[in-house]
Amino acid sequence: MIKRALAVIAVVTLILSVRPVYELGVELGLWQPVSRPSGVSPRARYVSRLKSSGWFDCSVDHGKNVDACRAWDDAGHLVAYGNFRLDGEKRAATATELRPSKVQLYPGHPELAWIYLSDAKSDFGKVLVPVNAAGEPLERFEVH
């Protein structure tokens, strides 16, 4: 009888510990969430940092020499999209460089967001800036 009660307690404890372990693994980037908000691309990867998190779907468009990216917040709202190139360089990030870590929004203008890429040294190594059809960086502007 005591062994059976201990077994039940062990099973209940294991079941209760699964969710926190799962959530911690997602936050640490050990695995992707099981589900995603509706509207988020099936190719999008979830990225979580201490103060921000979101979904990113970026790919290299070799023909245009740009990175085509979309970013969603945790709730699945599209917050940034467009074609990007590395800041200060006239090229797209390579597939190995293309590791989004954070999106810097420009309120009301999702086509003007910046996307930070993580590298071996930092979560905020290189920056992708939005570009126009000619591949020239788009200027951020202030509305007064």
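Two residues are in contact here when their heavy atoms come within 4.5 Å. Keep that in mind as we walk through this chain, which is a predicted model.

Let's start with the overall layout. The chain holds one helix and seven strands, and the helix comes at the N-terminal end, with the strands following in the order α-β-β-β-β-β-β-β. Of the 144 residues, 32% are buried. If you look at contacts with a separation of 6 or more, 38% of them join residues 24 or more positions apart. On the outside, the chain exposes about 9700 Å², and carbon and sulfur atoms supply 61% of that area.

Now for the helix. Helix α1 covers residues 2-27, and Ile2 is found in it. Ile2 has 66% relative accessibility, so it counts as exposed, given that the cut-off for exposed is over 50%. Together with Leu6 and Ile9, Ile2 makes a nonpolar surface patch of about 340 Å².

What about nonpolar residues on the inside? In soluble globular proteins, nonpolar side chains tend to be buried together. In this model, the largest nonpolar core has 16 residues, and Val103, Ile115, Leu117 and Leu128 are those with the most contacts inside it. Strands β2, β3, β4 (78-86) and β6 (114-117) each supply at least two residues of this core, and β4 gives the most, with four. A second, separate core has five residues, among them Val40, Ala44, Tyr46 and Trp55.

Leu128 is a good place to zoom in on the 16-residue core. Which residues is Leu128 in contact with, leaving aside its neighbours within four places in sequence? The list runs through Asp67, Cys69, Phe84, Arg85, Leu86, Ala93, Leu98, Trp114, Ile115 and Leu117. Two names on that list, Ile115 and Leu117, also appear with Leu128 among the residues with the most contacts inside the core.

Cys69, another contact of Leu128, leads us to the disulfide. The chain has one disulfide, formed by Cys58 and Cys69 with their sulfur atoms 2.2 Å apart. Cys58 sits in strand β2 (residues 53-61) and Cys69 in strand β3 (residues 66-72), so to speak two ends of a link between parts of the chain 11 residues apart. The torsion about their S-S bond is about 125 degrees, which means the disulfide is right-handed. Is this pair buried or exposed? Both Cys58 and Cys69 are buried.

Key. Residues numbered from 1 in each chain as written. Predicted model: local features only at pLDDT ≥ 70, side-chain atom pairs only at ≥ 80, totals over all residues. Heavy atoms only, no water. Buried < 20%, exposed > 50% of the residue type's maximum accessible area, 1.4 Å probe, protein only. Areas by Shrake-Rupley, 256 points an atom, 1.4 Å probe, with all protein chains shown as cover. Disulfide = S-S within 2.5 Å. Patch = residues over 30% accessible without salt bridge, like charges linked within 9 Å, V, L, I, M, F, W, Y side chains within 5 Å. Salt bridge = Lys/Arg side-chain N within 4 Å of Asp/Glu carboxyl O. Core = buried A, V, L, I, M, F, W, Y, C linked by side-chain atoms within 4.5 Å.
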